[in-house]
Amino acid sequence: VVDLAAGLSDAVPAGTFVETVTDVQHYTADLFRFRLTRPASFRFRSGEFVMIGLMVGEKPIFRAYSIASPSWDEELEFFSIKVPNGPLTQHLQKIKPGDVVLMKKKPTGTLVNDALVPGKRLYMFSTGTGVAPFASLIRDPETYEKFEDVILTQTCRQAADLAYAQDVVAAAKADPLIGELASERLRLFTSTTREPHPYQGRITTLIEDGTLFKALDVPPLDPATDRAMICGSMAMIQDTKTLLEKNGLTEGANNRPAEFVIERAFVG
Ligand code: A2P
């Protein structure tokens with residue numbers, strides 16, 4: 001179905017890079033990560049997203065993907081769900097090193113350090129593939145320049161779904177550039193909702209009943225010290241946002257930095 005070699009140059013829409021797949025790793029039946037070559041002219045801020053696509057027959061199909069690699073990396077990484085009949089992901093899940101993928105030239109997004117006012121502690125709350133922008137931010141030195149305590153949370157249905165976040169955190173701590181900072185300042189908190197795990201329950205439940213703060217040995221949410229970024233389903237974002245607001249944090253944006261920012265996890 002995806003014939004990328006034939007007639008590509010005619011069909012590729014304007015404003016689109018054609019990049020080569022360098023690596024693919026399948027985590028579960030539903031989740032995989034892939035890496036692409038990075039065009040020399042492509043700049044982005046850690047935490048932003050970009051449109052990724054494939055030619056399906058004559059037609060390009062694009063979906064928004066958070067860039068999971070940091071802005072200094074010479075390649076680009078993405079973390080994706082596989083939707084059986086998903087217009088893009090049913091094809092994208094079959095890519096192999098050497099294949100080509102389309103990428104629109106303009107990155108954007110709200111989960112960036114610039115959208116938060118300075119603070120002591122940064123929470124990154126994620127469910128499922130919502131962890132992707134945070135995989136970028138936890139590998140960016142700017143995150144550690146701005147916050148002395150960086151807490152990434154991921155909640156998934158099953159324990160196997162947490163493997164990518166666990167790998168990325170381990171890699172950050174071993175990285176020659178940010179390893180020392182990440183080892184000192186970064187913590188990963190994981191929970192599952194449909195399978196046994198040391199911590200079980202939705203992140204909203206674990207915030208409300210105090211389990212999260214007890215596990216991390218930190219005080220409850222406080223607008224004087226705490227900042228947050230949220231990325232997950234619409235419902236998860238809404239419920240987490242309500243909790244943050246109840247604790248006195250206000251929502252920010254690129255042009256109006258404040259105490260937390262939100263973004264929907266893409267692709268379905
Ligand atoms: P649950 O299993 O209780 O629905 P999904 O795979 O459906 O995107 O969900 C990913 C994770 O997000 C699951 O652990 C799910 O928990 C959790 N989740 C779903 N809805 C919410 C919500 N409104 N608030 C917090 N977590 C949620």
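These legends go with a set of views of one predicted model.

Residue numbers start at 1 along each chain as its sequence is written. In this predicted model, local features need pLDDT of at least 70 and side-chain atom pairs count only at pLDDT 80 or more, while totals for chains, interfaces and linings use all residues.

**View 1. The whole protein, with its nine helices and eleven strands.** Helices (H or I, at least four residues) and strands (E, at least two) are DSSP runs, numbered from the N terminus. Along the principal axes, the C-alpha trace spans about 60 × 40 × 35 Å. A compact globule of 268 residues would have a radius of gyration near 18 Å, and the protein agrees, with 18 Å (taken over C-alpha atoms; the globule rule is 2.2 Å times the number of residues to the power 0.38). Of the 268 residues, 41% count as buried, that is, with 20 or more other C-beta atoms, placed from the backbone, within 10 Å of their own.

**View 2. Where domain 1 (8-104) meets domain 2 (113-264).** These bounds come from an automatic or database domain assignment. The two domain centres, taken over C-alpha atoms, sit 25 Å apart. Domain 1 puts 17 residues into the contact and domain 2 puts in 14 (two residues are in contact if their C-beta atoms, placed from the backbone, lie within 7 Å). On the domain 1 side, β2 (31-37) and β5 (75-81) each chip in at least two residues, and β5 gives the most, with four. By class, that side of domain 1 has eight nonpolar, seven polar and two charged residues. Here Ala, Val, Leu, Ile, Met, Phe, Trp, Tyr, Cys and Pro count as nonpolar, Asp, Glu, Lys and Arg as charged, and the others, Gly among them, as polar.

**View 3. The shell of 15 residues around the ligand.** A residue makes the shell if its C-beta atom, placed from the backbone, lies within 6 Å of the ligand. The closest are Thr 127, Thr 193, Arg 202, Ala 235 and Met 236. β8 (149-156), α7 (203-208) and α9 (234-246) each supply at least two shell residues, with α9 giving the most, three. Sorted by class, the shell has four nonpolar, seven polar and four charged residues.

**View 4. Residues 14-114, the stretch annotated in UniProt as "domain: FAD-binding FR-type".** The annotation comes from an unreviewed entry, and such annotations may be inferred rather than shown by experiment. Over residues 14-114 the chain is 46% strand and 4% helix. The end C-alpha atoms of this stretch are 30 Å apart.

Notes:
Buried ≥ 20, exposed ≤ 12 C-beta atoms within 10 Å, placed from the backbone.
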